[in-house]
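Got a model open and want to know what the labels on it really rest on? Let's go through them one at a time.

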Amino acid sequence: MSDWSAIEALPSPKLVELFDQDGERLSKFSLDVAGIHFDWSKTHLTTQAVEAFAALAQAQDLAGKRDAMFGGEHVNVTEDRPVLHAAERGEGDAESVALARKLHERMRSLIDAIEGGALGDIRHVLHIGIGGSALGPHLLVDALGREDARYDVAIVSNVDGVALEDAIKDFDPAATLLVVASKTFTTKETMLNAESALQWMTEHGVEDPYGKVIALTAAPDKAMEWGVDETRILPFGEGVGGRYSLWSSIGFPAAIALGWGAFEELLEGAAEMDRHFRLTALHENAPVLAAFADLYYTQVRHAETRAPFAYDERLRLLPSYLQQLEMESNGKGVKTDGTPVGRPTAAITWGGVGTDAQHAVFQLLHQGTHLVPVEFIAVIEPGDTLAEDHHRQLLVNAFAQGAALMKGKQVEDPARSYSGDRPSSTLLLDVLDPRTLGALIAFYEHRVFVNGVLLGINSFDQFGVELGKEMAKAADQGGQSFDPSTEDLIRRAGLE
Ligand code: F6P
């Protein structure tokens, strides 16, 4: 029997029965790491399932591949690169860690200089980037920068000029630091937004707009060619993937807005999760167990989507951050050796914010025909200081939803009945601080890695985004033939 057939043959017990049969279920399927309580007891994971997945993990050499990643080997085989985001947090091979430290030191010095007035009076940070060069820093600043941010930070990604206009409308151009974040420094959307931002500064009388530009990139030569002074380029290594890059200089807006101490705590929290992932047995390993549950639902129960819901306004950007992390990493059809995977890969990640989502999409989760593993992310310590008990309502709703999904309710009227047996997991953070957020994000990164290894795919390339970029360029340049529908659309919009 192949390893996957052992998994496909796993039974599909009912959640309530699993609790009835095993008084120890909660303690078996929950654990605490780095200030986060993980509870998978309301998923269909069983000891038997964990054993079957552990056997598959062994057959796929998960431990060897994990050590190869931390050891700086070229595990991103299609791009022949190491995978170095853990080295940014001090966990990895000595050479990569030393380089990351040196580059962090450079970032810290530049932040100190800016705070000391080296670039004049700076009050606003306009960060321009897209994908991994925007989603991570945006999440950090939005989650942690509500109270104590030392600068107004705006993150602009969309090439739609409305986004840039919105961001700068309340900014004083003379007091704005323009941060151009692009690993490649060639991304069309980012370069166009950066040029328009420079023009806005020039039009408003800023004498040396280039003097207020910081570049965050793995291609410092390109940033210099574009006009950024070498002293204001903050490089990071080629081995740090875009969607894994918030730990590098791409995290600059968070580091300057929240302070260097907060940024270091973020890295330390992630490093704690790295060590947990590296050193803990599979059946007690949070990213590993989460990936086993993901795979149970995609492979055994054929779930096509999964839905994280942040029951905390400060984490409202987490679902979109996870969309890129999970779908760009594991939305693949071939294995590392180029052969078809032959089974479903990444679930479609979607989700939202509780309690809003309860009044919009939870109908489908409770009574619809799709099986959607739900993930609740909540924080014990409130983010608000209101006298009324908002936070209590937030948390009771999160927990009640999980209970309702599992238990269901049978009444005579089918329209008012709930099948129940719908899985959810809960991640309960003690507090939302840089350290815990760092651990949380690192948890998701490693979970994606485990999913990728068990499926035999490379989670670190993203060739699927290239064709659309090429065709947009062709459409922009004109003179190329497309299908009749696309040509008609180009003509109607007056783009030919
Ligand atoms: O198009 C996808 C992508 O390459 C992402 O992986 C990346 O995060 C984003 O574009 C931005 O790329 P860059 O940082 O090179 O501008």
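Q: What makes Glu328, His359 and Lys469 an "active site" here?
A: That label comes from the UniProt record, an unreviewed entry that lists Glu328, His359 and Lys469. Annotations like this may be inferred rather than shown by experiment, so take it as the record's claim. The model itself is predicted, too. In it, the three are spread over 142 residues of sequence and up to 36.8 Å between C-alpha atoms. Glu328 and Lys469 from this set belong to the lining of the largest pocket.

Q: How do you know where the ligand sits?
A: A molecule sits in a pocket if more than half of its atoms lie within 2 Å of the pocket's grid points. The ligand is assigned to the largest pocket, so it passes that test.

Q: Why do the pairs with threonine 184, threonine 187 and glutamate 328 count as polar contacts?
A: The cut-off is 3.5 Å between N or O atoms. Threonine 184 has a polar side-chain atom 2.6 Å from a ligand oxygen, and for threonine 187 that distance is 2.5 Å. With glutamate 328, a side-chain N or O atom is 2.8 Å from an oxygen atom of the ligand. Each value is within 3.5 Å, so each pair qualifies. As for cover, the ligand taken alone exposes 400 Å², and the protein buries 88% of that.

Q: What makes a residue part of the shell around the ligand, and how many are there?
A: One heavy atom within 4 Å is enough. By that rule 14 residues surround the ligand, with Gly132, Ser133, Ser182, Thr184 and Thr187 the closest. The shell splits into 2 nonpolar, 9 polar and 3 charged residues. Gly counts as polar in this scheme, so Gly132 goes with the polar group.

Q: Which domains does the shell draw on?
A: Domain 1 (3-78 + 266-464) and domain 2 (86-264) each supply at least three residues. The chain also has domain 3 (465-496), and the C-alpha centres of domain 1 and domain 3 lie 39 Å apart.

How values were computed. Residues are numbered from 1 along each chain as its sequence is written. This is a predicted model: local features need pLDDT of at least 70, side-chain atom pairs count only at pLDDT 80 or more; totals for chains, interfaces and linings use all residues. Side-chain values use heavy atoms; hydrogens and water are left out. A polar contact is a pair of N or O atoms within 3.5 Å; within protein, one must be able to donate a hydrogen and the other to accept it, and residues adjacent in sequence count only if both atoms are side-chain atoms. Accessible areas come from the Shrake-Rupley method with a 1.4 Å probe; for residues, only the protein chains shown count as cover. On a 1 Å grid over the protein atoms alone, a cavity is a set of points where a 1.4 Å probe fits but cannot get out, and a pocket is an open set with protein on both sides within 12 Å along at least five of seven lines; lining residues have an atom within 4 Å of a point. Domain bounds come from an automatic or database domain assignment.
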